[in-house]
Amino acid sequence: MALYSEKVMDHFQHPRNVGKMDDADGIGEVGNAKCGDIMKMYLKIRDGIITDVKFNTFGCGSAIATSSIATEMIKGKPVSEALQLTNRAVVEALDGLPAHKIHCSVLAEEAVKAAVKDYYDKNGIAYDKEQFRQVDCESCHVHGAES
Amino acid sequence: MLVYADNAATTQMSRKALDVLFETSETVWGNPSSLHSVGQKAKEILEDARLRIAKAIGAEPKEIYFTSGGSEADNQALISAATFGARKGKKHIISTRFEHHAVLHTLQKLEKQGFEVEYLDVHRNGLVTADQVREAIRPDTALVSVMYANNEIGTVQPIREIGAVCRAAKVPFHSDAVQAIGHIPVDVVRDNIDLLALSAHKFHGPKGIGVLYARKGTLLVNVIEGGAQERGKRAGTENIPAIASMAAALEESLQNLEANRDRIIPMRDRLIEGLSKIPHSCLNGDRSSRVPGTVNFCFEGIEGESLLLLLDAQGIEASSGSACTSGSLDPSHVLLALGLPHDVAHGSLRLSIGEYNTPEEIDHILTVVPQVVEYLRNMSPVWEDLENGKRPHIL
């Protein structure tokens, strides 16, 4: 289908790191079912490094693809680096997304951040709250439509 | 195996319709408005097609107006009835919540122009009743518009009864019959229809051609201005090859109507039975009052677009009312009109089969769909919540 790039279709049809994690150090869930996308990301963290990542996603093809590639982009990286992941980088890594699917990449970025925040909270690590501000569902859809 | 199961979106042209399209393009290329022989030959073909199409729906040839398709016919029908209603001070319109966008968006435009539109509830079974229409009619009602069969879920409305109610109240009655014509018997006289839209590509004819039926005495306003074609009600040189091809496709569909129905319904029923075995799923729309080929299901815990893409990868071409397919935030307005919550409506699948499908293809669908649903559920955090009781099952 020409709707998506080959990269998106590859990640959608063969998602990397899909699954759950029983002993995760941080879990982040973003989106809502009403809007049609929910991403849940699990992180295993050792000495500040993300040693393992898993995800579960309810959503369209691009939601699954953005979750999949985001896990690849942060696996093996320091937590500080994972926090730098932007939705733009996710879109670029997938060779682009249709305008109305941009919100899926925003969700992927937020899922990573939410999982890190959960890890920080559980371990009493101080952080700048501003860094974890989430865009609400409605506005990210509007954002997607505009871009 | 490649299975085309999206016949409600469009159909493959029949051999006969293709032959007529090519032959007419090659041999009858004149302009029917021309007085010379080449033109008059085209005029003959045009009027012959008009006669045959009129006959097919129980109309008179003078009541048939060729348009670019169902959408244009719907637009013209609604705008006409509204315009002439308003001249008599009637600015109330009755319709339903799950009409095609060709109707809904035109009604929204009329609302902005000061019309009051009442959208009737279609209930969980996707059916309106004649009583609902009777109760909604007021002295200032300019028009009732109820689709013959719904495009997404396939439910067939009690058009004959609704038509009788409208006729008794002397209110013009429009029906978008795009999903019905060629699949179930439609007769504008029996059904008391004043305005009707049909589209050729839904019954193996070409795209870009359709008909507005307007009962004798029903006034029309022009949507397209220009020459005096179609008795001055629709300008533009007539697409003679497409019109001739549409007439052939319609006749063919009606000749085979019963045979096709007997072939399609058992396949459809197998689809319904097979897909119903998937836990936490539901058939959308009334079980029996439906067109032969359309089946629409919701599967809890998954989203429709990912389902469609994975089915496509396995050779099954289907459709969904999913928000992601249309690029809007909300899922199908049809499924929401049935009262399904957003999160359930996101997980919809429409399979619309026709006489070109085979029982083997149905087997393939019934093998693949449950596997793909299970695969997607296994990676769905919504399904996880449903299964561990954090979120209640609705289906």
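Two strands pair when DSSP finds at least two bridges between them. The views below show a predicted model.

**Figure 1. The open sheet of chain B contains 7 strands with mixed pairing.** From one side to the other, the strand order is β2-β8-β7-β6-β5-β3-β4 (chain B). The edge positions belong to β2 (64-67) and β4 (116-120) of chain B; each has a single partner strand, so one side of each is left without a neighbour in the sheet. From one strand to the next, the twist averages 20°.

**Figure 2. Strands β7 and β8 of chain B run antiparallel.** Strand β7 (residues 195-199) of chain B is joined to strand β8 (residues 210-214) of chain B by 5 bridges. In one of these pairings, Ser199(B) has Gly210(B) of β8(B) as its bridge partner.

**Figure 3. Helix α3 of chain B lies across strands of the sheet.** Helix α3 comprises residues 70-87 of chain B. The strands it lies across are β2, β3 (92-96), β5 (141-145), β6 (173-176), β7 and β8 of chain B. Relative to β7(B), helix α3 of chain B runs at about 165°.

**Figure 4. The second largest pocket has a volume of about 400 Å³.** Its lining consists of 18 residues, and those that lie nearest the centre of the pocket are Lys88(B), Lys170(B), Val171(B), Pro172(B) and Thr218(B). Two or more lining residues are given by each of α3, β5 and α6 (159-169) of chain B. Helix α3(B) supplies the largest share of this lining, 4 residues. Sorted by class, the lining of the second largest pocket has 7 nonpolar, 5 polar and 6 charged residues.

**Figure 5. The largest cavity has a volume of about 200 Å³.** The search of the whole structure finds 3 cavities of 30 Å³ or more. The largest cavity is lined by 21 residues. Gln179(B), His183(B), Pro292(B), Gly293(B) and Ile353(B) are the lining residues that lie nearest its centre. Polar residues number 12 in this lining, with 6 nonpolar and 3 charged residues making up the rest.

**Figure 6. Two domains of chain B contribute to the lining of the largest cavity.** At least three lining residues come from domain 1 (15-255) and at least three from domain 2 (257-386) of chain B. By element, the largest share of this lining is 4 residues, from helix α8 (residues 257-276) of chain B.

**Figure 7. In chain A, 3 strands form an open sheet with antiparallel pairing.** The strand order is β1-β2-β3 (chain A). Strands β1 (26-32) and β3 (49-58) of chain A are the edge strands, each pairing on one side only. Direction ignored, neighbouring strands of this sheet are turned by 15° against each other on average.

**Figure 8. Helices α2 and α5 of chain A pack on the sheet.** Strand β2 (residues 37-46) of chain A pairs with β3(A) in the antiparallel sense over 9 bridges. Within β3(A), Thr57(A) is the bridge partner of Met39(A). Helix α2 (residues 61-74) of chain A touches β2 and β3 of chain A, and its direction makes about 175° with that of β3(A). Helix α5 (residues 102-122) of chain A touches β1 and β2 of chain A; the direction of this helix makes about 145° with that of β1(A).

Note on methods: Residues numbered from 1 in each chain as written. Chains lettered and ligands numbered in written order. Predicted model: local features only at pLDDT ≥ 70, side-chain atom pairs only at ≥ 80, totals over all residues. Heavy atoms only, no water. 1 Å grid on protein atoms, 1.4 Å probe; cavity = no way out; pocket = protein on both sides within 12 Å on 5 of 7 lines; lining within 4 Å. Points joined across faces, edges and corners; volume = space filled by probe spheres on them. Nonpolar A, V, L, I, M, F, W, Y, C, P; charged D, E, K, R; others polar. Domains from an automatic or database assignment. Axes fitted to C-alpha atoms, helices over the stretch in contact; angles between N-to-C directions. Contact = heavy atoms within 4.5 Å.
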